[in-house]
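Thanks for coming, everyone. I'd like to walk you through one structure this morning. Please have a look at it before I start.

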Amino acid sequence: MTAETRPVTVLFEAGKLILELHHDAEGAYHAFPGGRPGAAAAPRLALSLAEALHARIRPAGTAETVLRAWARGAAPRGPVARADPAAVPPVRVRAGAVVIRDGAVLLIRFTEADGGSHYEIPGGGVEAGETPEAAALRELGEETGLAGTVGPELARVWKDGRHEHYFLVSATGEVGPPETLDNYGGAPVWVPVERLPATPLWPRRLSWRIDHWYRTGWPERPAELADSITELGPPCGW
């Protein structure tokens, strides 16, 4: 994902992941120890799995690999391949609208050939000259018929060369008649937020986090997630 091939050092002490604490214009983030040669030393923190799952860890692709293995009981140690999707220009930028009403989130359901279903958050490609916020509202209107007001950005997700922005949106109106909507064969549906962790929702790593944030409070800064998951059925907790 990046021209830099130097591996990332993964350290654990007493069952906790050792990360460096850094800051950028948006606030604190974490990085694996040993960053770039010659960089100033940074303070180190020890994070439990529960803490690491909600931390902004860079590079995001390596963080996905480490958290997946750790959540499955096989925490990696030593060198791990560096994967930094943020360092590569995206092939497409997408924006999505997270709309919640009365404890349910609005999703687009797609029926598969075998009768099963998968779901997506309303959204689509950001057009030239358009902001991700504007794209999220435009796509919401096209796919569901709802208008809305953009709230905080909840997550940035890198997946298959795409850079995706997901915003909490306060929407008004009712879902439009199917013949007026443009959602590529999908259908808008309301799904209880509590069912999201078990719902085959794409992007997969965002599904359980929306349920968690809804119960505990929305993040102060966008989560940064690489998502290489292609099979949506199995549960994801990392």
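First, a term. Helices (H or I, at least four residues) and strands (E, at least two) are DSSP runs, and they are numbered from the N terminus. Keep in mind that this is a predicted model.

Let's begin with the second largest pocket. Which elements each supply at least two residues of its lining? They are strand S3 (27–31), helix H4 (204–216) and strand S16 (223–226). The pocket has a volume of about 310 Å³. Its lining consists of 18 residues. Nearest the centre lie His-54, Ala-55, Arg-56, Pro-219 and Arg-221. By type, the lining splits into nine nonpolar, four polar and five charged residues.

Now H4 itself. Its buried residues are Arg-204, Arg-205, Leu-206, Ser-207, Trp-208, Arg-209, Ile-210, Asp-211 and Trp-213. Just after H4 comes Gly-217, with a positive phi of about 120°.

Next, the cavity. The structure holds one cavity of 30 Å³ or more. The space inside the largest cavity is about 70 Å³. What lines it? There are 13 lining residues, and Ala-55, Leu-67, Arg-205, Glu-224 and Leu-225 lie nearest the centre. Helix H2 (60–71), H4 and S16 each give two or more residues to this lining. H2 gives the most, with four residues. The lining has nine nonpolar residues, no polar ones and four charged ones.

So H4 and S16 turn up twice. They contribute to the lining of the second largest pocket, and they contribute to that of the largest cavity. Ala-55 also appears twice: it is among the residues nearest the centre of the pocket, and it is among those nearest the centre of the cavity.

On to charges. Side chains of opposite charge can pair when their charged atoms come close. How many salt bridges are there? The count comes to 17.

Take Arg-56, which we met at the pocket. Arg-56 forms a salt bridge with Glu-26, and the closest N and O atoms are 3.1 Å apart. Arg-56 sits in the loop between helix H1 (49–52) and strand S5 (57–58), while Glu-26 sits in the loop between strand S2 (16–24) and S3, so the pair ties together parts that are 30 residues apart in sequence. Is Arg-56 buried or exposed? Arg-56 counts as buried because its relative accessibility is 6%, and the cut-off for buried is under 20%. Glu-26 is partly exposed, at 33%.

This pair belongs to a network of salt bridges. Asp-24, Glu-26, Arg-56, Arg-58, Glu-153, Arg-156 and Glu-224 are linked in it. Glu-224, remember, also lies among the residues nearest the cavity centre.

A second pair: Arg-94 and Glu-120 meet in a salt bridge at 3.8 Å, N to O. Arg-94 is in strand S7 (residues 92–98) and Glu-120 is in strand S10 (residues 117–120), 26 residues apart, and the pair links distant parts of the chain. Arg-94 is buried, with 4% relative accessibility. Glu-120 is partly exposed, at 21%.

And a third pair: Arg-138 and Glu-127 form a salt bridge at 3.6 Å, N to O. Arg-138 lies in helix H3 (residues 132–144) and Glu-127 in the loop between strand S11 (123–125) and H3, so the pair ties together parts 11 residues apart in sequence. Glu-127 is partly exposed, with a relative accessible area of 46%.

That's my tour. Questions, please.

Key:
Residues numbered from 1 in each chain as written. Predicted model: local features only at pLDDT ≥ 70, side-chain atom pairs only at ≥ 80, totals over all residues. Heavy atoms only, no water. 1 Å grid on protein atoms, 1.4 Å probe; cavity = no way out; pocket = protein on both sides within 12 Å on 5 of 7 lines; lining within 4 Å. Points joined across faces, edges and corners; volume = space filled by probe spheres on them. Nonpolar A, V, L, I, M, F, W, Y, C, P; charged D, E, K, R; others polar. Buried < 20%, exposed > 50% of the residue type's maximum accessible area, 1.4 Å probe, protein only. Salt bridge = Lys/Arg side-chain N within 4 Å of Asp/Glu carboxyl O.
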